[in-house]
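Welcome, and thanks for opening the viewer. Let's take a short walk through this structure, one selection at a time.

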Amino acid sequence: MKDYKIAPSILSADFANLGKDVSDVVEAGADFIHFDVMDNHYVPNLTIGPLVCEALRNYGIKSIIDVHLMISPVDEIIPDFARAGANYITFHPEASKHVDRTIKLIKDNGCMPGIVLNPATNVSVLEYCLDQIDMVLLMSVNPGFAGQKFIESTYEKIIEVKEMIDAVNPKIRLEVDGGINLDNIGKVAECGANTFVAGSAIFNSDNYKKTISQMREIISKA
Ligand code: DX5
Ligand code: ZN
């Protein structure tokens, strides 16, 4: 049995009722909470920071929180997210001047580091750091907004990165983010991903539990 994790992105949650909505999605079977941080600089949108992460912890959210930093610079905010209760912290290499230093900083703060590759970013950036990270996050849309269409070239990239991961450390999570829904999640799993971010497909559905169960059913056959 593969170790699949479904990670609803709170970008599509109800921000006026965030604690309740996140707790509902956890109750419905979410494994990780994907926490999208945008700064209106590295990406055009502006979202949430460590205060909101801490507020979710204080509300009683105990799930793994997977913080996706779409900000530049990266380093300054890492200790704040660690204190706020983050587990994974992933960042875009283009946004950090010293990728290796940022990875070490995340670890020194007790969190699990991950590298995020944009749709056009070459996988070669992983070559000298894959052995130091716990997650690779492949963007299947351009970062910045929920509800975009899955970019088809991601399938090939998943296969390529899965091979790299297996050669170094098969425990490294391979997460895919953007435009994942019931129609494509099976193929994403077949290509080798084991962690699935889905924002609008889950939070815009009428029944979180049903949608997450359907996703789990599909990937279990992949
Ligand atoms: C995009 C974010 C995603 C996004 C996913 O920049 O990183 O996590 O919220 O949303 P959907 O699943 O709607 O594409
Ligand atoms: Zn994300």
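Start by selecting L138: its relative accessibility is 0%, and because buried means under 20%, L138 counts as buried. Keep in mind as you look around that this is a predicted model.

**Around L138**

Colour the chain by secondary structure and you will find L138 in strand β6, which covers residues 135–139. Next, show what touches this leucine. Neighbours within four places in sequence aside, L138 is in contact with L117, K157, I158, V161, L174, E175, V176 and D177. Pick E175 from that group and draw a distance between the C-alpha atoms: L138 and E175 are 6.2 Å apart in space, with their positions 37 residues apart in sequence.

**The zinc site**

D177, one of the contacts of L138, leads to the next stop. Select the zinc ion (ligand 2) and display H34, D36, H68 and D177, which coordinate the zinc ion at 2.1 to 2.3 Å. The histidines use different atoms, NE2 in H34 and ND1 in H68, while D36 and D177 each bind through OD. What geometry does the site of the zinc ion (ligand 2) have? The site is octahedral, with angles of 70 to 170° among six donor atoms. Along the chain, the donors of the zinc ion (ligand 2) follow the spacing H-x1-D-x31-H-x108-D. H34 belongs to strand β2 (residues 32–38) and H68 to strand β3 (residues 64–70), so this pair ties together parts that are 34 residues apart in sequence. Are H34 and H68 buried or exposed? H34 and H68 are both buried.

**An aromatic pair**

Now select F150 and Y155. The structure holds five aromatic pairs. The ring centres of F150 and Y155 are 4.9 Å apart and the planes meet at 35°, so this pair is tilted. F150 counts as buried at 6% relative accessibility, and Y155 counts as buried at 9%.

**Zooming out**

Finally, show the whole protein chain, which has eight helices and eight strands. Its radius of gyration is 16 Å, close to the 17 Å that the globule rule gives for 222 residues, so the chain is as compact as a globular protein of that length. Along the principal axes, the C-alpha atoms fill a box of roughly 45 × 35 × 30 Å. Colour by burial and you will see that 52% of the 222 residues are buried. Switch on the surface: the protein chain exposes about 10100 Å², with carbon and sulfur atoms supplying 49% of that area.

How values were computed. Residues are numbered from 1 along each chain as its sequence is written. Chains are lettered from A and ligands numbered from 1 in the order in which they are written. This is a predicted model: local features need pLDDT of at least 70, side-chain atom pairs count only at pLDDT 80 or more; totals for chains, interfaces and linings use all residues. Side-chain values use heavy atoms; hydrogens and water are left out. Donors are N, O and S atoms within 2.8 Å of the metal (3.2 Å for Na, K and Ca); water is not among the atoms, so sites may look incomplete. Four donors count as tetrahedral if all angles lie between 85 and 135 degrees; four count as square planar and six as octahedral if opposite donors are over 155 degrees apart and all others between 65 and 115; anything else is irregular. Helices (H or I, at least four residues) and strands (E, at least two) are DSSP runs, numbered from the N terminus. Buried means under 20% relative accessible area, exposed over 50%, partly exposed in between (1.4 Å probe, protein chains only). The radius of gyration is taken over C-alpha atoms; the globule rule is 2.2 Å times the number of residues to the power 0.38. Accessible areas come from the Shrake-Rupley method with a 1.4 Å probe; for residues, only the protein chains shown count as cover. Rings of Phe, Tyr and Trp (its six-membered ring) pair if their centres lie within 6.5 Å; planes under 30 degrees apart count as stacked, over 60 as edge-to-face and the rest as tilted. Contact means heavy atoms within 4.5 Å.
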